[in-house]
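I opened my notebook to go through this structure piece by piece. These are my rough entries, in the order I looked things up.

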Amino acid sequence: MFEALLAMSAIAIVLGAVLGYSAIKFRVEGNPLADKIDAILPQTQCGQCGFPGCRPYADAIANGTAEINMCPPGGEEGIHKLADLLGVEFKPFGAGVEPKPKAVAFIDENTCIGCTLCIQACPVDAITGAAKQMHTIIAAECTGCELCLAPCPVDCIIMLVSEEKVSNWKWKYPMYALSPAR
Amino acid sequence: MRFSPFINKPITVSQIMLRVLLALIPGIVLYVWHFGPAILVSITLASITALATEALMLKLRNRPIAPFLQDNSALLTGWLLALSIPPLAPWWLIVVGTAFCIAISKHLYGGLGNNMFNPAMIGFAVLIVSFPAQMTHWLTPHGLHQIELSFADQLEYMFFGILPAGVTLDAITMATPLDTLKTHLHLDEPMKQILDMPIYGRLAGQGSEMVAWGFLAGGLYLIAARIISWHIPVAYLGSLFITAGIFHLTDPAHYVTPLFHWFSGAAMIGAFFILTDPVSSPTTNKGRLIFAAGAGVLTYLIRAFGGFPDGTAFATLLMNICVPLIVVYTQPKVFGKKGARR
Amino acid sequence: MKQRYQFHGGVHPAANKTQSTQTPIARAALPSHLVIPFRQHAGEAAKPVVQAGEYVLKGQLIGAAVGSISSSIHAPTSGTISAIDSQTVVHPSGLPDLCATLIPDGKDEWIEHHAVDYRNLSQLELRQHLRRCGIVGLGGATFPSDIKLRALKSPPGKNTGILIINGAECEPYITCDDMLMRERADEIVRGTDMLRFALSAGEVLIGIEDNKPEAIAAMRRAVAESGLPFEVVAVPTIYPGGSAKHLIRVLTGLEVPSGKLPTDIGVQCFNVATTYSIHRALDHGEPLISRIVTVTGNVAQPQNFEVLIGTPILELVAQAGNKPDTNRHIIGGPMMGVQIPSDTVTLTKATNCIIASSPALFPPLPPTLPCIRCTRCAEVCPVELQPQDLYWYAKAKDFAKTQAFSLFDCIECGACSYVCPSHIPLVDYYRFAKSEVRARDAEKQAADKARIRHEFRELRIEREKQEKAEKLAAKEKAAMAAKQAAPAPAAPQTDPENTVQMKIQAAIEHAKEQAAAVKPKNTETLTPEQQADIAEIEARRARIRELASSHVEQPKEN
């Protein structure tokens, strides 16, 4: 009886020491889970999830305070990836929250009054221009977040859905009927 | 719009399966020659059942029926099962076995190309476990009959279970050569005396050794026609020979010769027709060698030390389980990656 | 005899080459109009330097190369540019791309051009010349040739680099290289000598499949007459023996490592047609405006034509004689070709063959059955992939697994689909998986860039806020100091104020540090290569400007 108690305590102490040591030795700075989630998010910084950017949303998911199905730009695939990472069930998008085709903003340069409001709104600095000067979108940097649409006082910004071109065309999933093609 | 390539080698799954069926014919002919035409009845029964079950399952699974019925794969499964079980058996034995092969071990796994286990061997395993008595009534080869049973009498027994007056089942059937050997070795009889029994021929069982020659010939045709690769038959027969050889050399009084093992039971049909089923065997050549060598050792161990007289079926199924693992560890090196390990 | 090596797999489809080698190369008639795409090469599309309505001479630059991997586009004959717009091009997508339409004036009048003395050009000038002449690989990949012309290092165990001229032409039906070698062997040998000079290669091997004895004989004769130390090697006929990496393997025994280029192991490979056009570019100063094309299949007289780039495909096919049951046209060979998406498409630099197809010639596929893992595909795969596993994962859209199974080593030769007894379009699955993986990688990169830009913006906003606070604090301090100095010695600064100041100061310094950390690398520390590239770009700019001012009317500034 006494030996058993002694043995159990000894094991407990040893294992506790190992755990304690590992906790110090292998301590990870920051929140690696949030980093991994952030790496999955599409970085549009659009705020459609209700958080001010992708990182805050990633932090919220990591803390368990946000659902995984709130990022329309990430698409269903994004939800699948998050579900895989976190080991939770896939959750479809709620009503009204649906991914849109990828688009970039375009400023109608004839209407633009050069107010800089869109420049201030752009989360990725993809708009150039200065006060009283015409603004323009750097299409390659635009994430299509639509945050510039609302502030524009003259509604000169529109979203252009990116067209399929020879340079960005993708092969389709092969569809072949099992039955003879007659 | 169609994409390249626009030309195809004129070969189809159906033709491949058909050639395998053709390669079985020498063995079947010798079977009929030595044991009578009963086997043809069970092959016919198996074929009909296989096609009917295949059609039913395809319908239930909402798949097109015609292209799959024409692929000959169900037919092959039926033939292999019919050749693995005693021909003089009640009709329902082969029907139940074949239906199980097709419905459970093929279609429930996703149909053609998706079965993890060899369907015919699953059918065999189910029958030998469920109906052990019926599975031991093997036909006696011509020349050893105490009573010669006519084909009509055989049919009557198969379909109605009626034997001619005064004839018992034991008088017209016998245990397999492997089974007989096992039983008599258990009784501590000397090896020489056992092998001098009339049911043994030159190498192994009287008649059955000739059938094995037939399967060997058909198998060599398959290799020559590049339907199967040499890896599985060579590794299987090789490892069976080596294992049996080691035991035989250490104790010839208790362990029979390697050639006896080659030409008894399902060794030959297993080596060329059963283990080589592409769906349930490894896809890499190295993997095939490992897979078949493992099956050879297991076959011997089951025959020599296990509870069943033959081991080919269970060895196949056990090695089928290992296939995914074997394939992962035997990936060939890709062009341009020869230097580096993957 | 030269030792030849083998590679795994390969198939032997019916060659069908003799039909189109019965007559010499014919010159195709001048077409009614030409449509010249600006994207005829791997890399960036060329930028138009002419405008609609402009008159151009034969050989005049109409599209200038942009970016590091790009090439130039020229007018194939003299005439008027009638439009510069999007038109359907030869591409599996069937999508339109930017093209120039040229209406020939029938004079076929050359722009001024002259031979260059390539032995007295620097490597850079030589490359620039080829880039200006629009020379790209004519074997099918259309990779700009100028990029491949850097001095070769030596392969392992050798003293000098190896130049390989690819005359294998392994794909069925295609005979354009065969005919070119038969008829213009001397020119190819001259081109080879230029390449050998540019690459400073020691060993030169010309690989030709042994089903082209006439071409081998012609090339051997030309090499012997030139007295150059080239070796013409007959290689076994097997598809895809003409793939550059596989020809290198057969001729040298060297294996180009996965993901690397032949030049990384000291070997460079050029197609015979490319070699011929390099000869034209250097010895005559001619840009690449025509090529040899095989017109075969379901036509009255299969034969080879020398055709201007931009010629409408169907106009060319008609010259070989249409047959009524032709149901489609295939550009390239039957193994790797593309069905033309529209009757209006025109010939590009990549077009080596046009096959008029009929249901009798290329019958429709039998129904597709599930994979039975028979591994006939693995047996013929020249890259030793496991196509059945790749197919499985591509079908399941498990792209990580496809990459683990070396998806990107697949050369899309089609040998696996060719032998598949279940008639599974395997290559379609690999192409699908590859383009998905590429798109995902691009998306990931875009996301990473957006993240960095977003983080930088947050940092900048924070810094601006601090700078404002600093200014405000400084102003307050000045005001206070003035107050202190003027009336009376004021009370010593209170502690809270002091700490606020310090905090602000610390924050400013922190922000400065962070700003310094993310400062982009400037242009002071450049490698000689980068400097050379800059020099090259500057030189090109100057030349384009010069060219534009001399031959092209400058677009009016408005």
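Below are my notes on the chains, some helices, a few odd backbone spots and the salt bridges.

**Entry 1: what I'm looking at**

I should write this down before anything else: the model is a predicted one. I started with chain C. How many helices and strands does chain C have? I found 15 helices and 17 strands. Chain C has 558 residues, and 51% of them count as buried. The exposed area of chain C is about 24800 Å², with carbon and sulfur atoms supplying 54% of it. I also looked at contacts in chain C between residues at least 6 apart in sequence, and 73% of those join residues at least 24 apart.

**Entry 2: two helices that cross**

Next I picked helix α4 (residues 185-199) and helix α7 (residues 272-284), both of chain C. Their axes come within 7 Å and cross at roughly 80°. That makes α4(C) roughly perpendicular to α7(C), because angles from 65 to 115 degrees count that way. Which residues meet there? On the α4(C) side I noted C:Ile188, C:Met194 and C:Leu195 among them, and on the α7(C) side the list includes C:Val272, C:Tyr276 and C:Leu282. Charged residues turn up in the list too, including C:Glu187 and C:Arg190 from α4(C) and C:Asp283 from α7(C).

**Entry 3: a valine in a loop**

I clicked on C:Val299, which is in the loop between β13 (290-297) and β14 (303-308) of chain C. Is C:Val299 buried or exposed? Its relative accessibility is 3%, so C:Val299 counts as buried. I then asked what C:Val299 touches, leaving aside neighbours within four places in sequence. The contacts are C:Val317, C:Ala320, C:Gly321, C:Lys323 and C:Ala356. I also checked C:Ala318, which is 19 residues from C:Val299 along the chain, and the two C-alpha atoms are 8.3 Å apart.

**Entry 4: a nonpolar patch on the outside**

On chain B I found a nonpolar patch on the surface. B:Ile104, B:Leu108, B:Tyr109, B:Met116, B:Leu318 and B:Ile321 form it, and together they have about 540 Å² of accessible area. I looked closer at B:Leu318, which sits in helix α16 (residues 312-329) of chain B. B:Leu318 is partly exposed at 41% relative accessible area, so it passes the patch cut-off of over 30%.

**Entry 5: backbone oddities**

A reminder to myself: most peptide bonds are trans, and most residues other than glycine have a negative phi. So I went looking for exceptions to that rule.

- B:Ser4 and B:Pro5 are joined by a cis peptide bond, with omega about -5°. B:Pro5 is in the segment before α1 (13-35) of chain B.
- C:Tyr239 and C:Pro240 also have a cis bond between them, with omega about 0°. C:Pro240 is in the loop between β11 (230-235) and α6 (244-252) of chain C.
- A:Asp155 has a positive phi, near 50°. This residue is in the loop between β3 (136-137) and β4 (157-161) of chain A, and is exposed at 62% relative accessible area.
- C:His423 has a positive phi as well, near 55°. I found C:His423 in the loop between α12 (415-419) and α13 (426-485) of chain C, where it is buried at 4% relative accessible area.

**Entry 6: salt bridges**

How many salt bridges are there over all chains? The count is 37. I wrote up three of them.

A:Arg55 pairs with A:Asp59 at 3.4 Å, N to O. Both are in helix α3 (residues 54-63) of chain A, four residues apart, which is about one turn of the helix. A:Arg55 is partly exposed at 29%, and A:Asp59 is partly exposed at 27%.

A:Lys91 bridges to A:Glu67, with the closest N and O atoms 2.5 Å apart. This pair links distant parts of the chain, 24 residues apart: A:Lys91 is in the loop between α4 (75-86) and β1 (103-107), and A:Glu67 is in the loop between α3 and α4.

C:Arg119 bridges to C:Asp193, with the closest N and O atoms 3.1 Å apart. C:Arg119 is in the loop between β8 (96-104) and α1 (123-132) of chain C and C:Asp193 is in helix α4, so the pair ties together parts 74 residues apart in sequence. C:Arg119 is partly exposed at 42%, whereas C:Asp193 counts as buried at 9%.

Last note: salt bridges that share partners join A:Asp35, A:Asp38, A:Arg55, A:Asp59, C:Lys444, C:Asp448 and C:Arg451 into one network.

Note on methods: Residues are numbered from 1 along each chain as its sequence is written. Chains are lettered from A and ligands numbered from 1 in the order in which they are written. This is a predicted model: local features need pLDDT of at least 70, side-chain atom pairs count only at pLDDT 80 or more; totals for chains, interfaces and linings use all residues. Side-chain values use heavy atoms; hydrogens and water are left out. Patches are made of residues with over 30% relative accessible area and no salt bridge: like charges are joined within 9 Å, nonpolar side chains (Val, Leu, Ile, Met, Phe, Trp, Tyr) within 5 Å. Accessible areas come from the Shrake-Rupley method with a 1.4 Å probe; for residues, only the protein chains shown count as cover. A salt bridge is a side-chain nitrogen of Lys or Arg within 4 Å of a carboxyl oxygen of Asp or Glu. Buried means under 20% relative accessible area, exposed over 50%, partly exposed in between (1.4 Å probe, protein chains only). Axes are lines fitted to C-alpha atoms, for helices over the stretch in contact, and angles run from 0 to 180 degrees between N-to-C directions. Angles under 35 degrees count as roughly parallel, over 145 as roughly antiparallel, 65 to 115 as roughly perpendicular and the rest as oblique. Contact means heavy atoms within 4.5 Å.
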